Amino acid sequence: MIAIGLAIGMLTLAASIKTGFWSFLWSGVGSALLSTALALVISEIVLKPLLVRDLLGMTQLRDRIADISMRDLGPANRVRWEELYSSAKDIDLVVDSPTVWMERDLERVVACASRRSRVRVFLPSTDGPLRDEVNGTESGLREAWIRRQNKHERAVLEVWYLKLEPTSFMGRFDDEVVVAIDAGLPIETKSKIYLHLGTEGTSDVQTWIKDRWQWADSDVEGTLAWASPKPLPEPAEVRKSLGTKLKDTGGPS
């Protein structure tokens, strides 16, 4: 405020001199000082509070993202499907659209057959409108898994038919979860976005995720359609098992 008063004084002085060098000098300095003072006032009164509010909003958003262990949000091509499938040992998949899912993820699922893993795929009921899709998906998945499975690898696939119709895709990859959110406009080609979260933590979102998966961790409301053959034991495991049995029965060692 002092600067504004000083600037007004200089402009008043310049006006009293009317003409000449000094009038021009005081007028220029006074105008520059007044402009600077007004800019500072506007910054303090208007812009600074807005900046502080925005920074606080960004901080709260950052803290919220960290609190719910949010990894990403966007269309299907933003999800790191390859990394999720290849690194997880326990995979649970609730599939709402079998044909779309098969086109996107079949090869990634089948790749799990050549390493130690457990995959469970939950398909819609065969009594629903997607019956043909469901049957085709189960058949294609089973045949592809059998072709790829290493007979000695501890790889297990289970295909289930749920009693209820899933309303969206959900995938659990060890401690990572991907949930599809429908925009409510199925006529659009990209009507879904995918929320990728970690399951570790105690936030309201983690609690919600755990509630959604309770059914899969206890009694599945559905029918087991197919389970992959149990892998053959390794020769070393067979010899070890036989040696243990002989030892227990007092036979030759």
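Reader: How many salt bridges does the structure hold?
Author: This is a predicted model. Among its salt bridges is a contact between the side chains of arginine 64 and aspartate 204, 3.1 Å from N to O. The total for the structure is 16.

Reader: How many residues apart are arginine 64 and aspartate 204?
Author: Arginine 64 sits in helix α2, residues 21–67. Aspartate 204 belongs to helix α6, residues 204–212. The pair links distant parts of the chain, and the separation is 140 residues.

Reader: Which class of exposure does arginine 64 fall into?
Author: Buried needs under 20% relative accessible area, and exposed needs over 50%. Arginine 64 has 34%. That value lies between the two cut-offs, so arginine 64 counts as partly exposed.

Reader: Which strands hold glutamate 176 and arginine 71?
Author: The side chains of these two residues, glutamate 176 and arginine 71, meet in a salt bridge of 2.9 Å, N to O. They are 105 residues apart and link distant parts of the chain. Glutamate 176 lies in strand β6, and arginine 71 in strand β1.

Reader: What is the bridge partner of glutamate 176 in β7?
Author: Strands β6 and β7 run antiparallel, joined by 7 bridges. Glutamate 176 takes part in this strand pairing as well as in the salt bridge with arginine 71. Its partner in β7 is glycine 198.

Reader: Is aspartate 96 buried or exposed?
Author: Aspartate 96 forms a salt bridge with lysine 192, the closest N and O atoms being 3.6 Å apart. Aspartate 96 lies in the loop between β2 and α4, while lysine 192 is in strand β7. Lysine 192 is partly exposed at 23% relative accessible area. Aspartate 96 has 16%, under the 20% cut-off, so it counts as buried.

Reader: Which residues are linked in a network of salt bridges?
Author: The network joins aspartates with arginines. One of its members, Asp90, lies in β2, which spans residues 90–94. The linked residues are Asp90, Asp92, Arg118, Arg120 and Arg172.

Reader: Which strands stand at the edges of the sheet, and why is one side of each left without a neighbour?
Author: The sheet is open, has 8 strands and shows mixed pairing. Its order is β1-β7-β6-β5-β2-β3-β4-β8. Each edge strand has a single partner strand, so one side has no neighbour in the sheet. The edge strands are β1 and β8.

Reader: By how many degrees are neighbouring strands of this sheet turned against each other on average?
Author: Direction is ignored in this value. The average for neighbouring strands is 15 degrees.

Reader: What angle does helix α5 make with β4?
Author: Helix α5, residues 131–148, packs on the sheet. It touches β3, β4 and β8. Its direction makes an angle with that of β4 of about 175 degrees.

Reader: How many residues of β7 are buried?
Author: In the sheet order, β7 stands between β1 and β6. It runs antiparallel to β1, with 4 bridges, and antiparallel to β6, with 7. β7 is mostly covered, and its buried residues number 5 of 7.

Reader: Which residues make the nonpolar surface patch of about 220 Å²?
Author: One member, isoleucine 193, is found in strand β7. Isoleucine 193 is partly exposed, with a relative accessible area of 36%. Another member, leucine 73, has leucine 195 as its bridge partner in β7. The patch is made by Leu73, Ile181 and Ile193.

Methods. Residues numbered from 1 in each chain as written. Predicted model: local features only at pLDDT ≥ 70, side-chain atom pairs only at ≥ 80, totals over all residues. Heavy atoms only, no water. Patch = residues over 30% accessible without salt bridge, like charges linked within 9 Å, V, L, I, M, F, W, Y side chains within 5 Å. Areas by Shrake-Rupley, 256 points an atom, 1.4 Å probe, with all protein chains shown as cover. Salt bridge = Lys/Arg side-chain N within 4 Å of Asp/Glu carboxyl O. Helix = DSSP H or I, 4+ residues; strand = E, 2+ residues; numbered from the N terminus. Buried < 20%, exposed > 50% of the residue type's maximum accessible area, 1.4 Å probe, protein only. Pairing = 2+ DSSP bridges. Axes fitted to C-alpha atoms, helices over the stretch in contact; angles between N-to-C directions. Contact = heavy atoms within 4.5 Å.
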